[in-house]
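Work through these exercises with the structure open beside you. Try each task before you read its solution.

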Amino acid sequence: MKNQLNLAIALSGILWLAPAANAQDQCVELPTGTATINGSVKSALNAQAVLANVTATAEIPGYGTKSFSNFTSFFDGTFSIQVAAPATYVVAAAPFDFTHAPEFYDGVLTQAAATEFTVSDGQTVNGVDFTVVVGATMAGTVTAQQGGAPIENVTVQALPLGDLFALAV
């Protein structure tokens with residue numbers, strides 16, 4: 001009986017320690033350095049500064065998505081984002097004015113097509129400059145399926161398709 005108890009205690013100790021050792025092997029090392037991404041957001045219509053939220057997003061293996069963002073300056077459209085490094089980022093600009101369309105750098109609508117920036121600790125990336133275009137508008141009449149009569153007080157939304165970068169309105 002005493003030997004069985006000692007065996008049970010020994011086995012429980014091994015089982016208790018085993019998950020901890022295994023968990024340590026699976027720890028993800030997150031970036032500990034920093035880098036800076038600088039640029040601007042201007043209108044394609046008149047080269048004026050556009051107030052926007054600019055976001056740099058990275059996929060960190062074993063950790064997932066990590067995003068850093070900052071607003072552009074109202075006066076000159078510039079931004080500066082401090083990000084974790086080393087990592088690889090895509091950068092997107094989402095104007096606040098509901099006139100200009102959001103986009104990924106460099107002028108694309110999908111994250112898959114976006115230019116990637118790989119940064120190392122202490123690095124500064126300059127020239128991430130967006131020239132955002134005026135977005136599209138929708139106009140029309142919502143009609144009943146049967147009879148085609150106009151339907152009043154209807155809300156219409158534009159929704160993202162796949163990985164397109166679009167805003168719901």
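**Exercise 1. Find the residues of the nonpolar surface patch, then place F96 within the chain.**

Solution. This is a predicted model.
Step 1: look at the surface for L51, F71, F74, F75 and F96, which together make a nonpolar patch of about 620 Å².
Step 2: locate F96 in the loop between β5 (87-95) and β6 (103-104).
Step 3: classify F96. Its relative accessible area is 40%. Buried means under 20% and exposed means over 50%, so a value in between counts as partly exposed. F96 is therefore partly exposed.

**Exercise 2. Describe the chain as a whole: its elements, their order and its buried share.**

Solution.
Step 1: count the elements. There are one helix and eight strands.
Step 2: read along the sequence. The pattern is α-β-β-β-β-β-β-β-β.
Step 3: take the buried share. Of the 169 residues in the chain, 27% are buried.
Step 4: turn to the surface. The chain exposes about 11,400 Å², and carbon and sulfur atoms supply 57% of that area.
Step 5: check the contacts with a separation of 6 or more. Residues 24 or more positions apart account for 65% of them.

**Exercise 3. How do strands β2 and β3 run, and how many bridges join them?**

Solution.
Step 1: find β2 at residues 52-60 and β3 at residues 64-71.
Step 2: compare directions. The two strands run antiparallel, and eight bridges join them.
Step 3: pick one bridge. E59 has T65 in β3 as its partner.
Step 4: inspect the turn. Three residues lie between the strands of this hairpin, and G62 takes a positive phi near 80° there.

**Exercise 4. Classify the ring pair of F71 and F96, then that of Y105 and F117.**

Solution.
Step 1: note the total. The structure holds five aromatic pairs.
Step 2: take F71 and F96. Their ring centres are 5.5 Å apart and their planes stand at 50°, so the pair is tilted.
Step 3: place both rings. F71 lies in strand β3 and F96 in the loop between β5 and β6, so the pair ties together parts 25 residues apart in sequence.
Step 4: take Y105 and F117. Here the centres are 5.4 Å apart and the planes are at 45°, so this pair is tilted.
Step 5: place these rings too. Y105 is in the loop between β6 and β7 (117-119) and F117 is in strand β7, so parts twelve residues apart in sequence are tied together.
Step 6: check the cover. Both Y105 and F117 are buried.
Step 7: widen the view. Ring pairs link F79, Y105, F117 and F130 into a cluster.

**Exercise 5. Where do the cis peptide bonds from A85 to P86 and from Y105 to D106 lie, and which residues other than glycine, A47 and N153, have what phi?**

Solution.
Step 1: recall the usual case. Most residues other than glycine have a negative phi, and most peptide bonds are trans.
Step 2: look at the bond from A85 to P86. It is cis, with omega near 5°. P86 lies in the loop between β4 (78-85) and β5.
Step 3: look at the bond from Y105 to D106. It is cis as well, with omega near 20°. D106 lies in the loop between β6 and β7.
Step 4: turn to A47. Its phi is positive, about 60°. A47 sits in the loop between β1 and β2. At 55% relative accessibility, A47 counts as exposed.
Step 5: finish with N153. Its phi is positive, near 55°. N153 is in the segment after β8 (124-132). At 82% relative accessibility, N153 counts as exposed.

Notes. Residues numbered from 1 in each chain as written. Predicted model: local features only at pLDDT ≥ 70, side-chain atom pairs only at ≥ 80, totals over all residues. Heavy atoms only, no water. Patch = residues over 30% accessible without salt bridge, like charges linked within 9 Å, V, L, I, M, F, W, Y side chains within 5 Å. Areas by Shrake-Rupley, 256 points an atom, 1.4 Å probe, with all protein chains shown as cover. Salt bridge = Lys/Arg side-chain N within 4 Å of Asp/Glu carboxyl O. Helix = DSSP H or I, 4+ residues; strand = E, 2+ residues; numbered from the N terminus. Buried < 20%, exposed > 50% of the residue type's maximum accessible area, 1.4 Å probe, protein only. Contact = heavy atoms within 4.5 Å. Pairing = 2+ DSSP bridges. Phe/Tyr/Trp six-rings, centres within 6.5 Å; stacked < 30°, edge-to-face > 60°.
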